[in-house]
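Me: I should like to go through the reasoning behind several structural labels. Please set each value against its criterion before concluding.

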Amino acid sequence: MNAVRRVWGLISSFCVGVRYNYQFEQPIDWSKTYIVCPNHTSNLDITALSILVKSNCCFMGKEELVNGIVTRLFFRTVDIPVNRESKIASFRAFKVAMERLGNGVTVIIFPEATIPDRFPPQLHTFKNGPFRMAIELKVPIIPVTSLNTWKIFWDDGKKYGSKPGVCDIFVHKPIETAHLTIDDADALRDEVYAIISNKINEHDHR
């Protein structure tokens, strides 16, 4: 399913004139297991991350994606839907994610939990879940900054449409968590937030 999603993402993007430009702070060893934490401004971010991650992976995302035209296939098979209205359902989803990580599957989680409803989008507060999970399992986190996907296709494209272009994605070096304790979760969250926020500001003020 991961291979199908990557191929589908490349073909569908090519057909509408969208390409992805990845820059890496350092090479990523995809034989390792990670929690990947990108910011989120466009449905194109899902495609961009699907193409980026070269290992077995899955997304955690809102339950509504189970009924999406394209996303339903994956959120009913490999991905993990989250019902944010239910603490019990959210807990179960994170338990599934932890099991996947324990089996060597990289998990992609948007820590904002949603696409900002303000245009131009601004970075939302990050949720704690991914960072607590990374520390508990001693799994490295890879921050990823989606720099301009919103300019090409904001949210689901319904309000402003889409246009051809190049999506610039910056992949930061992994942050190790083996030395951290659960008390460090907030600090780790803030560190990842600062890394992504600073990269966005650097890009916007070039």
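Reply: Helices are DSSP runs of H or I with at least four residues, numbered from the N terminus. Ser-13 is found in one such run, helix α1. The model is a predicted one.

Me: Why is Ser-13 called buried?

Reply: Buried means under 20% relative accessible area. Ser-13 has a relative accessible area of 5%, and it is therefore buried. Among its contacts beyond four places in sequence are Val-18 and Thr-47.

Me: What makes the pairing of Ser-13 and Tyr-20 a polar contact?

Reply: A polar contact needs a pair of N or O atoms within 3.5 Å, one able to donate a hydrogen and the other to accept it. The side chains of Ser-13 and Tyr-20 are joined by such a contact at 2.8 Å, so the distance satisfies the cut-off of 3.5 Å.

Me: Why does Asn-2 count as buried?

Reply: Asn-2 lies in helix α1, which spans residues 2-15. Its relative accessibility is 11%, and the limit for buried is under 20%. Asn-2 therefore counts as buried.

Me: Which residues does Asn-2 touch, leaving aside those up to four places away in sequence?

Reply: Asn-2 touches Asn-56 and Cys-57. With Asn-56 there is also a polar contact between the two side chains, at 2.7 Å.

Me: What makes α1 oblique to α2?

Reply: Two packed helices are described by the angle between their axes and the distance between the axes. The axes of α1 and helix α2 (residues 44-52) come within 9 Å and cross at roughly 125°. Roughly perpendicular covers 65 to 115 degrees and roughly antiparallel begins over 145, with the rest above 35 being oblique. The angle falls between those two ranges, and α1 is therefore oblique to α2. The crossing of α1 and α2 is left-handed.

Me: Which residues bring α1 and α2 together?

Reply: From α1 come Arg-5, Arg-6, Gly-9, Leu-10 and Ser-13, and these meet Thr-47, Ser-50 and Ile-51 in α2. The residues of this contact divide into two nonpolar, four polar and two charged.

Me: How do you know that α2 is mostly covered?

Reply: Nine of the nine residues of α2 are buried. Among them are Leu-44, Asp-45, Thr-47 and Ile-51.

Me: Why are α5 and α7 called oblique to each other?

Reply: The axes of helix α5 (residues 129-137) and helix α7 (residues 185-204) come within 9 Å, with a crossing angle of roughly 120°. An angle from 65 to 115 degrees would count as roughly perpendicular, and one over 145 as roughly antiparallel. The value of roughly 120° lies in neither range, and α5 and α7 are therefore oblique to each other. The contact is made by Phe-131, Arg-132 and Ile-135 of α5 with Ala-185, Leu-188, Arg-189 and Val-192 of α7. These residues divide into five nonpolar, no polar and two charged. α5 passes α7 in a right-handed crossing.

Me: What makes Val-166 partly exposed?

Reply: Val-166 is found in strand β7, residues 165-171. Partly exposed lies between the buried limit of 20% and the exposed limit of 50%. Val-166 has a relative accessible area of 29%, so it is partly exposed. Leaving aside residues up to four places away in sequence, Val-166 touches Arg-19, Asn-21, Asn-148 and Ile-152.

Me: How many residues apart along the chain are Val-166 and Arg-5?

Reply: Val-166 and Arg-5 are 161 residues apart along the chain, and their C-alpha atoms are separated by 19 Å.

Conventions:
Residues numbered from 1 in each chain as written. Predicted model: local features only at pLDDT ≥ 70, side-chain atom pairs only at ≥ 80, totals over all residues. Heavy atoms only, no water. Buried < 20%, exposed > 50% of the residue type's maximum accessible area, 1.4 Å probe, protein only. Contact = heavy atoms within 4.5 Å. Axes fitted to C-alpha atoms, helices over the stretch in contact; angles between N-to-C directions. Left-handed = near helix turned anticlockwise from the far one by under 90°. Nonpolar A, V, L, I, M, F, W, Y, C, P; charged D, E, K, R; others polar.
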